[in-house]
Amino acid sequence: MTFFHFLRDGVREMLRGPRAYWIWLGVLAALFAFGALNYFGQLRDGLVVTGMSDQVSWGFYIANFAFLVGIAAAAVLLVIPAYIFYRKDVKAVVLLGEGMAVAAVIMAMLFVLVDIGRPDRAWHVIPFIGRFNFPSSLLAWDIVVLNGYLALNVFVPMYVHYCHYRGQEPKLKLYFPVVVVAMFWAISIHTVTAFLFSSNAARPFWNVALLGPRFIASAFASGPALIILTLQIIRKVTDYPVSQSVIDTLALIMTVAMQISLFFVGAELFTDFYSETNHATSMHYLFLGLDGFSGLRPWIWLSVALNLVAVTILSIHPLRRRMLTLNIACVCGFLGIWLDKGMGLVVPGFIPTPLGEIFEYAPTATELYIAIGIWAFGFLVFTLLAKASIAIELGKVRARPDVSRKPIVGAPSIPAVAHRD
Amino acid sequence: MSDERDHYDGQVNFSHYRRKFLKGLAQVGLAGGVAASASGVARAAWGGSTFQDALGDFFQNHYQRMTPEEMKDALARIERNAKRKFGVDITCVDTPPIPGVVFGYALNISKCKGYRDCVYGCIRENNQGRDSQVQYIRVLQMDKGSMNLERSEHYYEPESVPVPGKFYLPVQCMQCDNPPCVKACPVGATWKDPDGIVVIDYNWCIGCRFCMAACPYWARHFNWTDPQIPAEELNRATNYLGNRPRMKGVVEKCHFCTQRTRKGRQPACMEACPTGARVFGNLLDPNSEIRYILEHKTVFRLKEELGTEPKFWYYTDA
């Protein structure tokens with residue numbers, strides 16, 4: 001019964017807020033509806049409404065999917081300091097990070113759903129009822145790890161919130177083992193997503209052992225970038241205490257990850273461009289163009305420029321410590337990696353085709369609209385989760401003593417539980 | 001034909017319960033369907049299908065798990081759907097592989113002149129979408145003196161072929177013995193049958209296109225939209241794992257013309273080839289022409305270094 005009240009009060013809190021909150025929710029819902037409308041058009045006419053072709057058979061959707069799995073995995077960068085190093089300041093925001101992971105995994109899954117030709121047959125992947133080609137298919141692995149990660153990031157925070165809601169401390173013995181699993185699981189989701197690409201011997205551009213490490217490194221740069229920006233917004237629009245030390249830690253992690261990530265990119269560029277084998281043609285197409293085709297060239301160079309700006313700011317201590325320059329680095333790094341991992345990784349894998357044909361790809365308006373709808377949905381999910389989480393953690397939403405099993409004297413006045421160990 | 005099927009996978013036990021469950025659902029659906037057709041809206045509302053056929057398609061089991069009765073229903077549904085869509089009576093059968101046969105293909109590139117008759121013979125035989133330009137065979141115009149696919153010309157259109165200084169390399173599904181596409185498919189909608197042909201259950205494919213990323217020969221093609229075929233051009237003799245009309249959102253590819261070759265006929269591309277460059281046959285028959293070629297000619301296969309073990313060889317007269 002208390003659990004029911006917990007859910008009811010949580011939802012009630014999500015639907016309560018000032019005018020600006022409702023305008024924000026309204027805008028997101030409208031964008032989502034706009035995306036959904038476009039998706040119905042795609043369902044009716046087929047994926048022909050996208051820019052994809054037999055030559056470039058994955059595009060903007062899968063690019064966003066790969067990027068978002070990285071964002072989801074990056075929540076682990078809050079989980080590790082919070083639970084392993086007992087950083088109280090980080091523990092205060094770890095639940096928000098897990099909320100972001102939930103939103104990112106949902107977005108990633110939606111991007112796969114809108115990409116498949118027969119969403120009506122999605123039930124075929126359900127083990128036993130459908131036919132699940134596990135462990136042979138890497139896509140089957142991805143389905144397992146993403147669903148598992150979603151479950152972990154729903155249930156652990158739900159348990160912690162539920163305890164706080166009842167004015168109790170969560171039992172460490174109960175959830176710590178799950179947190180350890182979730183940590184390794186976070187690495188696994190992005191590794192498996194990288195293997196989805198690198199397992200294809202048919203596509204030399206992806207078929208490199210460095211792809212997995214590259215994915216992790218870039219995720220650990222783009223993820224903190226988004227978390228740093230989000231935490232500042234939360235600090236501004238709510239009275240939730242976000243310690244500056246958390247942002248400093250994340251900025252440092254982002255710096256190192258960005259440096260490693262760019263080193264990996266350099267290593268790949270050297271290997272491909274020095275040997276100049278046929279395996280390098282995709283890379284050649286991406287950075288320099290091939291036979292007069294160079295659709296991706298401006299984007300990849302923009303990505304390189306953004307990443308260099310970000311890594312320069314981050315690597316210079318005074319610049320990293322100033323919020324303005326740090327925020328510039330975060331925006332640049334986030335966009336730079338989005339371009340790099342999205343369009344810069346997925347699309348050139350298909351160009352040229354295994355038979356040497358160069359056929360370019362650019363997303364259509366429909367693809368962009370559907371993508372905007374999914375991103376809006378992710379923001380909506382995060383906003384609602386964060387709203388309820390903050391209210392519970394600040395003690396604003398509490399079980400009434402008469403319904404909680406263990407009445408606590410003066411429960412409503414407990415300040416920010418998140419700060420307690 | 002369908003009662004000859006005996007290649008179930010290992011999930012039969014569970015399948016029994018699942019079938020019972022789905023049968024229950026289908027009966028509920030049938031009742032609903034009768035009500036829907038009584039109200040006269042069934043046809044328009046269910047994408048050119050009746051409600052019960054749409055439901056039957058939705059709950060249709062994987063090819064390898066269907067009972068003979070379920071297969072009979074599925075084949076009848078395919079025929080009804082084609083009748084509704086094209087206004088044509090087609091026959092759809094499920095032809096099992098012939099025991100003791102593994103098919104292989106050999107192509108003489110000295111004889112190929114780049115006419116593309118195989119490409120168009122294949123389109124007509126296999127009911128490929130005409131507007132969508134799905135083609136199972138791509139003929140590459142290559143510079144003599146090089147095997148670099150990246151310098152191949154795909155859309156050559158000279159006054160006449162062959163062009164001096166060029167040779168022609170037709171590429172289609174290699175029916176790999178170690179097919180990367182089969183490994184990639186998350187739902188097992190594609191597999192290698194005992195006669196070596198890599199087939200697709202078009203009703204099980206979810207359209208994720210992972211197989212297309214995995215294929216090193218660009219053999220797989222996706223129905224980006226509903227395939228359009230003029231009714232009078234439809235090949236009415238169809239096969240479940242072969243040339244039956246496809247739906248949008250699924251992957252298809254060359255299947256060595258299962259509807260012909262499993263009944264002892266030549267594939268359509270071989271029949272269409274005016275130069276006799278193509279040799280098709282049973283690799284297990286030591287007296288077959290293809291075995292003669294493999295034993296007496298210098299042959300090569302595309303991208304052998306990838307370990308896919310294609311069952312498609314090229315050779316020259318020289």
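**Entry 1: strands E2 and E10 of chain B**

I began with strand E2 (residues 103-108) of chain B, which pairs with E10(B) in the antiparallel sense over five bridges. I note here that the model is a predicted one. I then looked up individual partners across this pairing. B:Gly104 has B:Gly281 in E10(B) as its bridge partner, and B:Phe103 stands opposite B:Asn282 in E10(B).

I next asked which sheet these strands belong to. Four strands of chain B form an open sheet in the order E10-E2-E12-E11, and the pairing in this sheet is mixed. I recorded strand E10 (278-282) and strand E11 (299-300) of chain B as the edge strands, since each pairs on one side only. I also checked the burial of E10(B): five of its five residues are buried, and the strand is mostly covered.

**Entry 2: strands E3 and E4 of chain B**

I turned to strand E3 (residues 138-143) of chain B. Five of the six residues of E3(B) are buried, so this strand is largely enclosed by the rest of the structure. For the word "buried" I applied the cut-off of 20 or more other C-beta atoms within 10 Å of the residue's own.

I then looked up the pairing of E3(B). E3(B) and strand E4 (residues 166-171) of chain B pair in the antiparallel sense over six bridges. As one of the partners, I noted B:Pro170 in E4(B), which is bridged to B:Val139.

**Entry 3: the two domains of chain B**

I consulted the domain assignment of chain B, which gives domain 1 (2-93) and domain 2 (95-318). How many residues of each domain are in contact with the other? I found 17 residues of domain 1 in contact with 15 residues of domain 2.

I examined the domain 1 side of this boundary. The elements that give two or more residues to that side are helix H4 (68-86) and strand E1 (91-93) of chain B. The largest share, four residues, comes from H4(B). By class, I entered nine nonpolar, four polar and four charged residues for the domain 1 side.

**Entry 4: chain A as a whole**

I moved to chain A, which has 16 helices and zero strands. Its C-alpha trace spans about 75 × 55 × 40 Å along its principal axes. I compared the radius of gyration with the expectation for a compact globule: with 421 residues the expected value is near 22 Å, and chain A has 22 Å, which agrees. Of the 421 residues, 49% count as buried. Among contacts in chain A between residues at least 6 apart in sequence, 77% join residues at least 24 apart.

**Entry 5: helix H8 of chain A**

I selected helix H8 (residues 172-198) of chain A for a closer reading. H8(A) has 27 residues and reaches 38 Å from its first C-alpha to its last, close to the 39 Å expected at 1.5 Å a residue. Its buried residues include A:Val179, A:Ala182, A:Ile189, A:His190 and A:Phe197. What do the buried residues of H8(A) pack against? I found helix H3 (60-73), helix H4 (76-84), H7 and helix H9 (211-237) of chain A.

**Entry 6: where chain A meets chain B**

Finally, I looked up the contacts between the chains. I found 37 residues of chain A in contact with 42 residues of chain B. On the side of chain A, helix H7 (residues 138-165) gives the largest share, three residues. That side has 16 nonpolar, 13 polar and eight charged residues. I noted that H7 of chain A thus appears in two entries: it is also among the helices against which the buried residues of H8(A) pack.

Note on methods
Residues numbered from 1 in each chain as written. Chains lettered and ligands numbered in written order. Predicted model: local features only at pLDDT ≥ 70, side-chain atom pairs only at ≥ 80, totals over all residues. Contact = placed C-beta atoms within 7 Å. Nonpolar A, V, L, I, M, F, W, Y, C, P; charged D, E, K, R; others polar. Buried ≥ 20, exposed ≤ 12 C-beta atoms within 10 Å, placed from the backbone. Pairing = 2+ DSSP bridges. Domains from an automatic or database assignment. Expected span 1.5 Å × (residues − 1). Rg over C-alpha atoms; globule rule 2.2 N^0.38 Å.
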